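These are my notebook entries on a structure I went through by chain, by interface and by helix pair. I put down what I looked up and what I found, in that order.

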Number of protein chains: 2
Amino acid sequence: MSEDSKKMIELELTVLIRLLTSITSSKRKESLDRAAYLLLHQVSVQGSSGVKALADELKLDISTVSRQAASLEHKGYVEKVPDPQDGRAFFYKMTELGEQELVQHRQERLNGITNLLNGWSDEECREFGQLLTKFNHAIKERK
Amino acid sequence: MSEDSKKMIELELTVLIRLLTSITSSKRKESLDRAAYLLLHQVSVQGSSGVKALADELKLDISTVSRQAASLEHKGYVEKVPDPQDGRAFFYKMTELGEQELVQHRQERLNGITNLLNGWSDEECREFGQLLTKFNHAIKERK
DNA sequence: CCTGCTAATTGTATAATACAACTAAATAGG
DNA sequence: CCTATTTAGTTGTATTATACAATTAGCAGG
């Protein structure tokens, strides 16, 4: 693999973070906690999740998950169900309202992505999605 | 372009941010301000830059650039030269020490990238770099 | 029962960034 | 030339996302 490709990837990833951060900074008034979006998605995908499992999956500190989940619960997007087998633990499950919010919020994000990918070929979009997925997998499985 | 590709891109970008954030969070002891790395790179590329130009290029608030630049100057990585044509303005230029730090820091990042891309084909790496570049360009030019 | 480990919450701190306010220099227009 | 407006940059303050630290209580195993 050529050094040029690596350099390009390293630089462009750095720039990407910066650009996405500037986008999110300019949207500080959103209804759904920006940071909690991925958490809500994960609860939806996993169906029923405890704090620790979510933290492990998202590479977040449990205190962060605890706070984000509490916020989501307060908004009615998830419900907190005691774990029958461990008096210390809880499972978070999606509420109907949470599912709706997730769908709506995701749609707004998809609209933005659509605008950005305007002019891209189907092949490019497919490739980009797959390579991102592959890269993310590499990060999660490293070490 | 298929809806599936868009959904994959949206989700994987969200996950990518999370993962890269967790990586950077676990490296809080680095010598070069993590956030200022891109600024240092930009000064190096542009050769001689004012605060406003850098802020525009990096989509950062000028106060943030001002602070990052001041930090870099304090560390001797850049020098602050008065703009002969505007008594209010300055240009930031790289120092030799700054160039060295940039090269070293970038190499460390490249090492990380190399590990992550272990097993990727040349084609995949090249594609990934180009698609990231293209995507970043779309973000910068939007609106 | 006791000790060590674990799940989650709460306290506190950190880093990156933006918005707000300010100072001073430059510019535009009469 | 003068005045009002704009602009470059710095400093003050606030916000957000996150991690590290401390605490409480439940669980597991001897």
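Entry 1, conventions. I am working from a predicted model, in which local features need pLDDT of at least 70 and side-chain atom pairs count only at pLDDT 80 or more, while totals for chains, interfaces and linings use all residues. Residues are numbered from 1 along each chain as its sequence is written, and chains are lettered from A and ligands numbered from 1 in the order in which they are written.

Entry 2, the surface near DNA strand C. I looked up which elements supply at least two residues each to the surface near DNA strand C, and found α1, α3 (51-58) and α4 (62-74) of chain A together with α4 (62-74) of chain B. Here helices (H or I, at least four residues) and strands (E, at least two) are DSSP runs, numbered from the N terminus. A residue is near a strand if its C-beta atom, placed from the backbone, lies within 6 Å of it. There are 28 residues around DNA strand C, and G50(A), S63(A), S66(A), A35(B) and G87(B) come nearest. By class I noted 6 nonpolar, 10 polar and 12 charged residues on this surface; Ala, Val, Leu, Ile, Met, Phe, Trp, Tyr, Cys and Pro count as nonpolar, Asp, Glu, Lys and Arg as charged, and the others, Gly among them, as polar.

Entry 3, the surface near DNA strand D. Of the 28 residues around DNA strand D, I found that A35(A), D61(A), G87(A), S63(B) and S66(B) come nearest. Two or more residues are given to this surface by α4 of chain A together with α1 (3-25), α3 (51-58) and α4 of chain B. The surface near DNA strand D divides into 6 nonpolar, 10 polar and 12 charged residues.

Entry 4, the fold of chain A. I counted 6 helices and 2 strands in chain A, which follow the pattern α-α-α-α-β-β-α-α along the sequence. The C-alpha trace of chain A spans about 55 × 35 × 25 Å along its principal axes.

Entry 5, α3 and α4 within chain A. I looked up how these two helices pack, and their axes (lines fitted to C-alpha atoms, for helices over the stretch in contact, with angles from 0 to 180 degrees between N-to-C directions) come within 9 Å and cross at roughly 115°. α3(A) is therefore roughly perpendicular to α4(A), a term that covers 65 to 115 degrees. From α3(A), V51(A), K52(A), L54(A) and A55(A) meet I62(A), V65(A), S66(A) and A69(A) of α4(A). This contact of α3(A) with α4(A) holds 6 nonpolar, 1 polar and 1 charged residues.

Entry 6, chain A against chain B. How many residues of each chain are in contact with the other? I found 46 of chain A and 46 of chain B, where two residues are in contact if their C-beta atoms, placed from the backbone, lie within 7 Å. On the side of chain A that touches chain B, two or more residues come from each of α1 (3-25), α2 (36-46), α5 (96-116) and α6 (122-141) of chain A. The largest share, 16 residues, comes from α1(A). That side divides into 24 nonpolar, 9 polar and 13 charged residues.

Entry 7, α6 against α6. α6(A) and α6(B) pack at an angle of about 110° with their axes 10 Å apart, and are therefore roughly perpendicular to each other. E124(A), E127(A), F128(A), L131(A) and F135(A) meet E124(B), E127(B), F128(B), L131(B) and F135(B) here. The contact has 6 nonpolar, no polar and 4 charged residues.

Entry 8, α5(A) against α1(B). I found these axes 10 Å apart, at an angle of about 105°. R109(A), L110(A), I113(A) and T114(A) in α5(A) meet K6(B), K7(B), I9(B) and E10(B) in α1(B), and by class this contact has 3 nonpolar, 1 polar and 4 charged residues.

Entry 9, symmetry. Superposing the copies by least squares on the C-alpha atoms of residues with pLDDT of at least 70 in both, I noted that chain A can be laid on chain B with an RMSD of 0.1 Å by a turn of 180° and a shift of 0.0 Å along the axis. The two copies are thus related as by a two-fold rotation axis. Of the interface residues of chain A, 100% are also interface residues in chain B, so the copies meet through the same surface.

How values were computed:
Angles under 35 degrees count as roughly parallel, over 145 as roughly antiparallel, 65 to 115 as roughly perpendicular and the rest as oblique.
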